[in-house]
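Hi,

Here is the structure I promised to pass on. Have a look at it first, and my notes follow underneath.

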Amino acid sequence: MEFIKEDELKKLQEEGKKILVQYTAAWCGPCRALTPRLGNISNEYNDIQFFKLDIDENPNAVMEMEIRSVPTVVVYDGNTVIDRSVGAHPDGYYKEILSSL
């Protein structure tokens with residue numbers, strides 16, 4: 001999973017892309033554990049783009065999305081938020097949401 005900046009995310013949303021974003025931080029242990037799991041899941045969904053967004057480097061995105069804790073995972077279909085979850089969930093949770101897109 002690659003890091004993305006807020007402006008790049010907005011551009012992809014405006015293009016109507018399906019995106020999963022893990023809002024994360026370098027100091028976050030659960031984030032570090034979740035990232036490789038989401039990376040593995042990404043291999044099953046070629047039509048969905050997976051990214052990480054560092055909350056310390058993108059404070060405006062954090063304020064706009066009202067991120068209060070990490071990891072927070074948000075699934076977008078264009079500008080529409082399909083799902084938003086806080087904490088690390090079982091892989092099946094993410095797969096169920098992504099399969100519904």
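Leaving aside its neighbours within four places in sequence, which residues is Y76 in contact with? Keep in mind that this is a predicted model. The list for Y76 runs to L9, Q13, K17, K18, I19, V21, Y23, M65, V81 and I82.

Two names on that list come up again in the largest nonpolar core, which has 19 residues: L9, Y23 and Y76 are the ones that touch the most other members. Helix 1 (6-14), strand 2 (18-24), strand 3 (49-54), helix 3 and strand 4 each give two or more residues to this core. There is also a second, separate core of 12 residues, with F50, V73, I97 and L98 among them. In soluble globular proteins, nonpolar side chains tend to be buried together.

Next, the loop between helix 3 (59-65) and strand 4 (72-77), where P71 lies. The peptide bond from V70 to P71 is cis, its omega being near 0 degrees. E66 is found in that loop too, and has a positive phi of about 55 degrees despite not being a glycine. Most residues other than glycine have a negative phi, and most peptide bonds are trans. E66 counts as partly exposed because its relative accessibility is 48%.

Last, the rings. The structure holds 1 aromatic pair: Y93 and Y94 sit edge-to-face, 5.4 Å centre to centre with 90 degrees between the planes. Y94 is buried, at a relative accessible area of 2%, whereas Y93 is partly exposed at 29% relative accessibility.

Cheers

Definitions and conventions
Residues are numbered from 1 along each chain as its sequence is written. This is a predicted model: local features need pLDDT of at least 70, side-chain atom pairs count only at pLDDT 80 or more; totals for chains, interfaces and linings use all residues. Side-chain values use heavy atoms; hydrogens and water are left out. Helices (H or I, at least four residues) and strands (E, at least two) are DSSP runs, numbered from the N terminus. Buried means under 20% relative accessible area, exposed over 50%, partly exposed in between (1.4 Å probe, protein chains only). A nonpolar core is a set of buried Ala, Val, Leu, Ile, Met, Phe, Trp, Tyr and Cys residues joined through side-chain atoms within 4.5 Å. Contact means heavy atoms within 4.5 Å. Rings of Phe, Tyr and Trp (its six-membered ring) pair if their centres lie within 6.5 Å; planes under 30 degrees apart count as stacked, over 60 as edge-to-face and the rest as tilted.
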